[in-house]
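User: I am in my first year and would like a careful look at one part of a protein model, with the reasoning spelled out. Here is the model I have in mind.

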Amino acid sequence: MGIIIELQREALDESISIESLMRKAYLVAKKLNLKEFEEWLRQEQNGYDEKVPKYRYMVGEVRAWNPYYGWIPVVVSAEIADFISKMPIPTSISAIQDLYTSCKGATISSSVNGKIADWLNENSDNLPTKFEFFSSKSELYRILSTVRNKILDWALLLEENGIVGDGMTFTEVEKQTAQSTQVINNYTNNFYGTITDIDVEQG
């Protein structure tokens, strides 16, 4: 069986770990010399240093700590609220998987970037306080599922272009097809996009 068909089957099988799936996809990208897809897989495995794909932004709500009422919603303009309701998750895919597995409740929370916390405190009439970002555990699953789906779609695209492999090897024709097909080479372009026009970094 060709490795591309194996990759498709494993992408459909959630009992196969996302890390194992990504290692096989990395092997395929390496053998076909598909640098962009190889780099995307490397960043998913190791974490993102700079630009984070748009699917890795979790949707949630920033809340402020009130000593009398606990965590309360932050009241800001609609534009600011839209911005702070999205948080980038640059950590490795294995860290996301571990967090999803270990989280027992339906909600997760994390500290807010210091720059945003300072801005919120400076523009509030209340006493300075701490802020946290609250989101649904399902947002973590969405990221994991998106990565799995992108690998599946990529493997299907390779098959559609006659690239299936013989065991774990590819013919010269398959390698040339992979290199000369623009949609294969530019497959990761739509993974990224502008999240907001507000000039505040969440880090």
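User: My request concerns Tyr-100: does this residue count as buried, partly exposed or exposed, and why? Please take a close look at Tyr-100 and its aromatic pair, and then at what surrounds them.

Analyst: This is a predicted model, so the values below are computed from predicted coordinates. Tyr-100 counts as partly exposed, because its relative accessibility is 25%, and a residue is called buried only when that value is under 20%, and exposed only when it is over 50%. The partner of Tyr-100 is Tyr-141, which is also partly exposed, because its relative accessibility is 33%.

The two rings of Tyr-100 and Tyr-141 have centres 5.8 Å apart, and their planes meet at 40 degrees, so the pair is described as tilted. The cut-offs explain the word: planes under 30 degrees apart would be stacked and planes over 60 degrees apart would be edge-to-face, with the rest called tilted. Tyr-100 belongs to helix 5 and Tyr-141 to helix 7, and with their positions 41 residues apart in the sequence the pair links distant parts of the chain.

Helix 5 (93-102) and helix 7 (138-160) appear again when one turns to helix 3, since both are included, along with helix 2 (18-32), in what covers the buried residues of helix 3. Those buried residues are Phe-37, Glu-38, Trp-40, Leu-41, Gln-43 and Glu-44. Helix 3 itself covers residues 35-46, and its length can be checked: at 1.5 Å a residue its 12 residues should span 16 Å, and its end C-alpha atoms are indeed 16 Å apart, which agrees.

The two ends of helix 3 also deserve a look. In the loop between helix 2 and helix 3 lies Asn-33, whose phi is near 60 degrees, a positive value in a residue other than glycine. Asn-33 counts as partly exposed, because its relative accessibility is 37%. After helix 3 comes Gly-47, where phi is again positive, near 100 degrees.

Two of the buried residues of helix 3, Phe-37 and Trp-40, also take part in an aromatic cluster, which they form together with Tyr-55, Trp-154, Tyr-187 and Phe-191. In the whole model the count comes to 9 aromatic pairs. Another of these pairs joins Trp-71 and Phe-134, whose ring centres lie 5.5 Å apart with planes at 65 degrees, so this pair is edge-to-face. Trp-71 sits in strand 2 (residues 70-73) and Phe-134 in strand 5 (residues 131-136), so the pair ties together parts that are 63 residues apart in sequence. Within this pair, Trp-71 is partly exposed, because its relative accessible area is 27%, whereas Phe-134 counts as buried, because its relative accessibility is 12%.

Finally, the wider setting can be described. The protein chain has 9 helices and 5 strands, which from the N terminus run in the order α-α-α-β-β-α-β-α-β-α-β-α-α-α. Of its 203 residues, 40% count as buried, and the C-alpha atoms fill a box of roughly 65 × 35 × 25 Å along the principal axes. Among contacts with a separation of 6 or more, 76% are between residues 24 or more positions apart, and the pair of Tyr-100 and Tyr-141, 41 residues apart, is one link between distant parts of the chain.

Definitions and conventions:
Residues numbered from 1 in each chain as written. Predicted model: local features only at pLDDT ≥ 70, side-chain atom pairs only at ≥ 80, totals over all residues. Heavy atoms only, no water. Helix = DSSP H or I, 4+ residues; strand = E, 2+ residues; numbered from the N terminus. Buried < 20%, exposed > 50% of the residue type's maximum accessible area, 1.4 Å probe, protein only. Contact = heavy atoms within 4.5 Å. Expected span 1.5 Å × (residues − 1). Phe/Tyr/Trp six-rings, centres within 6.5 Å; stacked < 30°, edge-to-face > 60°.
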